[in-house]
Structures are given as C-alpha cells and as structure tokens.
Amino acid sequence: VDRIIDTGEWLTPRAIPYDGPFLEKPPLKFWLVAGAIRAGLLPHDEFGLRFIDALFGAVAFLYVFWLGRWLAGSVCGFVAVLVLFTINVLLFEHGLRSNNMDAALVLSYCGGVYHFARWVEDSSAKRRSRQALAVAGYFTLGFMTKFVAVLFLPLVCAVALVWPGTTLPRIRSHWRDWVVPALLVCAASMPWFVYQALQTGGGLWDAIVAHVYTRFTGALDPRHLQPWHYYYSQTWAELTRTGTQWIAAVGMIMLAVKGSTERPWLARLVFVWWMVPFALMSIGTSKVFHYAYPFLPAIALGVGAVADALIRAIAS
C-alpha cells in the first residue's frame, strides 16, 4: 500500500523492502486500502492501514450472527460470534485486525455461504438472482485478494447441494441464475491476470506456481512442514485455550446428524463448510494455521447450536 501511494504504480504493486513486483497475490486488497487513503477517506497511518480489515471482520461477524440466527436462533448467532472473539490468533496473529488478506477472505466465505444458502431457500426468481450476484461478488473479493484460497467456497456449496437426498434438483431447475454472475466474475478477474501475463511473460505464472503448488508441497518454507492432523490438533488447542473444545466437538457432531437426517438444510452447509476444507488442506505437507481462519466460523456456529439447544432444554 505504501509503495502504491509513493510511486503511483497501481497495476503492479511493489514489495517492501526489496521493491520488486509483488505478483503472488492479486492486488484488490491493496487497491481498496490505497484508494481510500489516496481519496482522503482514511489517514495514511496505522489506523488507515488497518481500518478496512477491521471493517471486513466486523461485517463477517454480522454474517455469522445472521447464519446462527437462521440455523438455530439468536442465541446461536450471538454465541458463535462470541466464540470467534475468544480465538486470540484469529484476531491478532495474521488475523482480522492486521493489514493483510485474511479479513477479506473470511468475509468472502461468510458472505458467500450466507447468500448461497439464501439462494437455495428463496422461491422468487428476482431474489435468487440477487443472491447469486452477491455470492459472485464475495467470490471475486476473495479471488482478487488471495487467489486460490477462495476456491473452497464453490466447492463447499457444490458438496452441500449434491449431498444425497437434499436439494440437487435445485441445480437442474435454477442453474441459469449463475450464468450472469459467472460471466461477471470472469470479467472482473481476468483483466489483471491478462495484463500481468503480457507484461511479465512467464513471471506471473512462476510466482503463482511458487506460492501455490510449491508452498503446499513444503519446499517454499520448510518451517511450514506439519503432520497431516495439524489443522485439527491446532484448532483443538486454540479452542482449549477458550474452554470450548468439547462443546465444539459436540456441535459439529450435532450439525452432521441434523444435516444427514432432517432440516434445516443449512446445517448440512455449515458442516461441509468446515469438513471439506479441513480434510483437503490436511493432504498437503505445508500448513499454516491462518489458512484455516475462513472455516473457523463453521465451528463457532456448531458451538452456538449446542448453546441454543441447551437453553431451550432448560427452558422447557
């Protein structure tokens, strides 16, 4: 962001301190922060650099509350957000208050999952079109901020749809709702990649390969080599620090059972939101815990569902 403001070079952001082109991630997040500072909407200081991240994190938490209220009630939504606030690393270690890419990615997943669920449930063609456009917008935010890290979003939605005995007929009936959003995603995402490919030749693809394939095979940074269970064990450790590890385990089991046997369909989507990315990320040898941040809201919603069920049981 500082180099964009200093040099006026927007299309090819430059790294600090070596001042080389930064091609490993698309520049949308840099553009948002630098644009707000250049326009005078934010000061060029620590507050200005972090404000959009904090805003994205706050909006993501609102989506978690709305998902929880829809899933089981207001208690579920409130407890889910509260649980996320207690996960220290999510906020402070490469987290939602830092000037990096993870707040935008977490928002992309929370907003994308919410609006996809609305698309599944809405009967109005006009409302379905708006929900599909919202999903496309959040996918574009994630893709143009952190590239392939957002690809689990459509995968999660697809797996939840094809879950046996659920809403698969929805695809046959309403697949046309996604034609325009898909074209808009391509139109918004392709120009920067085309420009960089023309400008750098193979440099763009070398950077992408180095920071995607090589990173997950462990050759990029040996310090990231971790056992297959790292995301599960590290998540358990973080939840243990907050005292919610066992209720989280019960919550995910509850979501799996509800998703398999009864409505709400949203329980299936939330369970898949956690299960599929964690399973696939565990295959690689190189692991960093902030890669798991976009999927922690699903666990928090499981905790909220248990809290809501307990309160209803006590009240009855």
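# Asking why: a tour of an all-helix model

Student: What is this protein built from, helices or strands?
Tutor: The protein has 16 helices and zero strands. Both kinds are DSSP runs numbered from the N terminus, with at least four residues (H or I) for a helix and at least two (E) for a strand. Keep in mind that this is a predicted model, where local features need pLDDT of at least 70, side-chain atom pairs count only at pLDDT 80 or more, and totals for chains, interfaces and linings use all residues. Residues are numbered from 1 along each chain as its sequence is written, and side-chain values use heavy atoms, leaving out hydrogens and water.

Student: How do you know that the radius of gyration agrees with a compact globule?
Tutor: The rule is 2.2 Å times the number of residues to the power 0.38, with the radius taken over C-alpha atoms. For 316 residues that comes out near 20 Å, and the protein has 20 Å, so the two agree. Along the principal axes, the C-alpha atoms fill a box of roughly 65 × 45 × 40 Å.

Student: How much of the protein is buried?
Tutor: Buried residues are 51% of the 316. The word means under 20% relative accessible area; exposed is over 50%, and partly exposed is in between (1.4 Å probe, protein chains only).

Student: And what share of the contacts joins residues 24 or more positions apart?
Tutor: A contact is heavy atoms within 4.5 Å. Counting contacts with a separation of 6 or more, 72% are between residues 24 or more positions apart.

Student: What makes K29 and D53 a salt bridge?
Tutor: You need a side-chain nitrogen of Lys or Arg within 4 Å of a carboxyl oxygen of Asp or Glu. Between K29 and D53 the N to O distance is 2.9 Å, so the pair passes the test. K29 sits in helix 2 (residues 28-38) and D53 in helix 3 (residues 46-71), so the bridge ties together parts 24 residues apart in sequence. Both K29 and D53 are buried.

Student: Why does the pair R128 and D177 tie together parts that are far along the sequence from each other?
Tutor: First the bridge: R128 and D177 meet at 2.7 Å, N to O. R128 lies in helix 7 (residues 125-146), while D177 is in the loop between helix 9 (169-174) and helix 10 (179-200), so the parts they tie are 49 residues apart in sequence. R128 has a relative accessible area of 7%, so R128 is buried. D177, at 13%, counts as buried too.

Student: Why is D122 called buried, and what about its partner R127?
Tutor: Those two meet in a salt bridge at 3.5 Å, N to O. D122 has 13% relative accessibility, so it counts as buried. R127 has 36%, so R127 counts as partly exposed.

Student: How many salt bridges are there, and which residues form a network?
Tutor: The structure holds 10 salt bridges. R3, D6, R14 and D19 are linked in a network of them.

Student: How do you know that the length of helix 4 is close to what is expected?
Tutor: The expected span is 1.5 Å times one less than the number of residues. Helix 4 (residues 74-86) has 13 residues, and its 19 Å from first C-alpha to last is close to the expected 18 Å. Its buried residues include C76, V79, A80 and V83. Among the parts covering the buried residues are helix 3, helix 5 (88-92) and helix 16 (296-315).

Student: What makes a nonpolar patch out of L133, W175, V179, V180, L183 and L184?
Tutor: Patch residues have over 30% relative accessible area and no salt bridge; nonpolar side chains (Val, Leu, Ile, Met, Phe, Trp, Tyr) are joined within 5 Å, like charges within 9 Å. These six together offer about 570 Å² of accessible area, by the Shrake-Rupley method with a 1.4 Å probe, where only the protein chains shown count as cover for residues. Helix 10 gives the largest share, four residues. L184, in helix 10, has 46%, so L184 is partly exposed.

Student: What is notable about phi in H94 and F147?
Tutor: Most residues other than glycine have a negative phi. Phi of H94 is near 55 degrees, a positive value, and phi of F147 is near 60 degrees, also positive. H94 is in the loop between helix 5 and helix 6 (102-121), and F147 is in the loop between helix 7 and helix 8 (152-162). H94, at 37% relative accessibility, counts as partly exposed, whereas F147, at 12%, counts as buried.
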